[in-house]
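User: Could you take a close look at the empty space in this model for me, meaning its pockets and any enclosed cavity? I would also like to hear about the packed parts around that space.

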Amino acid sequence: MSSLVLPGQPLGPSAKGSLGVYVDSNGVHRASLIGLFKPDKSIMIPKLRPNAPSENSIVIGTVMRLSSQQASLSITVVDGIALPHGEDYVGVIRQQDVRATEVDRVKLGDCFRGGDIVKGQVISIGDSRSYYISTARADLGVMFATSEAGNPMEPMSWEEMYSPRDGTREKRKVARPTTE
Amino acid sequence: MAQPSFDRRRVNGPEESFPPIFPDLPAEPLVTNGKRRDGRALNDVRPIFLQTGLISQANGSAYIETGNTKIACAVYAPRQLKNAQYSDVGRLNVEVKFAPFSSKIRRAHLRDVEDRSIGQLVYQSLLPAVQLHLFPKSSIDVFITIIENDGLESCVASASMAASTALADAGIEMLGMVVSCCSAINDDGIWLDPDTAEVKASRGTLLLAGLPALGTITNLWQAGQITSLDALRCIDACHERFKDLHDVVIDALMQSNRAKQAQALS
């Protein structure tokens with residue numbers, strides 16, 4: 001039987017898991033969030049709370065700015081949970097983090113364009129201004145983009161997208177589509 | 001007041017005017033037969049109404065009413081720290097605003113010194129309870145609006161409790177729930193949770209905030225003339241009430257959880 005626990009409530013000494021549980025100065029395990037204390041001694045949070053990006057989280061964002069060294073991203077989804085409107089985090093994809101091979105020969109204009117929706121992984125929480133994002137995996141990269149004429153494009157290969165409406169092909173670092 | 005010039009472009013008021021004269025009514029005694037004006041005993045706090053989820057666009061929110069004091073609190077967290085400074089722990093920002101119609105004397109629309117000092121007090125009460133080390137490079141923003149103010153110390157106390165409830169509602173990791181109680185000292189004795197008239201009639205006030213789950217104190221604010229012995233007595237009186245206040249906060253959170261579950265099922 002799971003029971004509701006509130007912050008500060010002492011749990012048994014066998015409480016495990018770091019999420020929602022902390023150990024105070026006397027060694028007592030206590031809850032730090034409102035959640036359900038399951039029989040397997042871990043805490044389940046019923047409400048999906050949007051998180052700040054942390055290392056290795058998968059984020060989805062929109063390309064805001066592009067330069068020859070890096071692409072600046074406005075992160076709107078962290079680990080599958082959408083952030084509230086207006087509260088976006090700023091991420092940066094550096095030239096060396098775009099793909100895994102031939103990192104020094106990357107041309108950012110052939111990988112991203114402004115307005116592209118990109119899926120990436122956080123490699124580090126970075127400095128004061130932005131998180132460092134990487135797309136160096138087959139399933140990371142541009143998920144959705146529009147052609148120069150403004151028509152939506154579909155993925156053709158890992159480096160090309162094609163717009164069926166106007167027939168143009170454009171180069172992007174494309175994410176492999178997943179079934180989910 | 002004689003008008004110095006007659007302005008032809010405007011509709012002018014009377015040239016001379018005088019303020020109305022109010023008769024001096026006898027002041028209602030604050031204590032009769034050991035009971036205060038609203039029927040409370042000296043060591044009773046006002047009944048508390050606390051509910052979460054008032055402000056849907058915030059990550060967490062709470063509304064508290066004690067007597068005539070009404071306070072709404074919204075929490076937006078975690079958000080990216082807009083400052084240029086990098087920090088590996090989060091920053092807690094508490095902003096308090098008295099609505100212009102909240103007190104007997106109209107307040108300014110912009111935040112003034114009193115708003116900032118109340119905000120600082122609530123910040124001190126909350127800070128030890130929030131696990132900021134889990135929010136690197138993020139800020140936790142707490143916005144408190146005081147809709148009606150009946151007793152400044154009770155505003156601080158109720159605001160701290162509302163903020164703590166809103167933080168729990170937003171899913172921010174905390175060490176425990178913060179509760180807060182205020183007291184005023186007079187020659188009659190110690191009055192808990194004084195309202196504006198009672199504070200005015202007292203010698204000094206003392207506010208205590210803490211985490212009852214851990215048995216720790218997070219803030220103590222004393223104003224006026226209090227001897228050290230009286231201060232210790234006030235602290236004991238406030239501390240005795242912590243358990244009841246904690247029960248109120250817990251009850252509010254459990255009710256809100258039940259309401260959310262009922263909503264999720266429907």
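Analyst: Happy to help; here is a walk through the pockets, then the cavity, then the packed core.

A few ground rules come before the details. This is a predicted model, in which local features need pLDDT of at least 70 and side-chain atom pairs count only at pLDDT 80 or more, while totals for chains, interfaces and linings use all residues. Residues are numbered from 1 along each chain as its sequence is written, chains are lettered from A and ligands numbered from 1 in the order in which they are written, and side-chain values use heavy atoms, with hydrogens and water left out.

Rolling a probe the size of a water molecule over the atoms shows where empty space is left. On a 1 Å grid over the protein atoms alone, a pocket is an open set of points with protein on both sides within 12 Å along at least five of seven lines, a cavity is a set of points where a 1.4 Å probe fits but cannot get out, and lining residues have an atom within 4 Å of a point. Grid points are joined across faces, edges and corners, and a volume is the space filled by probe spheres set on the points.

The largest pocket has a volume of about 760 Å³. It is lined by 24 residues, and those closest to its centre are Lys104(B), Asn149(B), Asp150(B), Thr196(B) and Ala197(B). Two elements of chain B, α2 and α3 (196-200), each give two or more residues to this lining; helices here are DSSP runs of H or I with at least four residues, and strands are runs of E with at least two, numbered from the N terminus. The biggest share comes from α3(B), with five residues. By class, the lining holds 13 charged, seven polar and four nonpolar residues, where Asp, Glu, Lys and Arg count as charged, Ala, Val, Leu, Ile, Met, Phe, Trp, Tyr, Cys and Pro as nonpolar, and the others, Gly among them, as polar.

The second largest pocket has a volume of about 500 Å³. Of its 26 lining residues, Leu19(A), Arg49(A), Asn51(A), Leu134(B) and Glu173(B) are the closest to its centre. The lining divides into 13 nonpolar, nine polar and four charged residues. Domain 1 (3-44) and domain 2 (50-180) of chain A each supply at least three residues to it; the domain bounds come from an automatic or database domain assignment.

Next comes the enclosed space. There is one cavity of 30 Å³ or more, and the largest cavity holds about 90 Å³ of space. Its lining includes Val45(B), Met161(B), Cys181(B), Cys182(B) and Asp193(B). In chain B, α2 and β8 (179-185) are the elements that give two or more residues to that lining, which has seven nonpolar, three polar and two charged residues.

Finally, the packing. A nonpolar core is a set of buried Ala, Val, Leu, Ile, Met, Phe, Trp, Tyr and Cys residues joined through side-chain atoms within 4.5 Å, with buried meaning under 20% relative accessible area, exposed over 50% and partly exposed in between (1.4 Å probe, protein chains only). In the largest core, of 62 residues, Val122(B), Ile140(B), Val142(B), Ile144(B) and Leu167(B) touch the most other members. Helix α2 (residues 152-169) of chain B gives the most to this core, with 10 residues.
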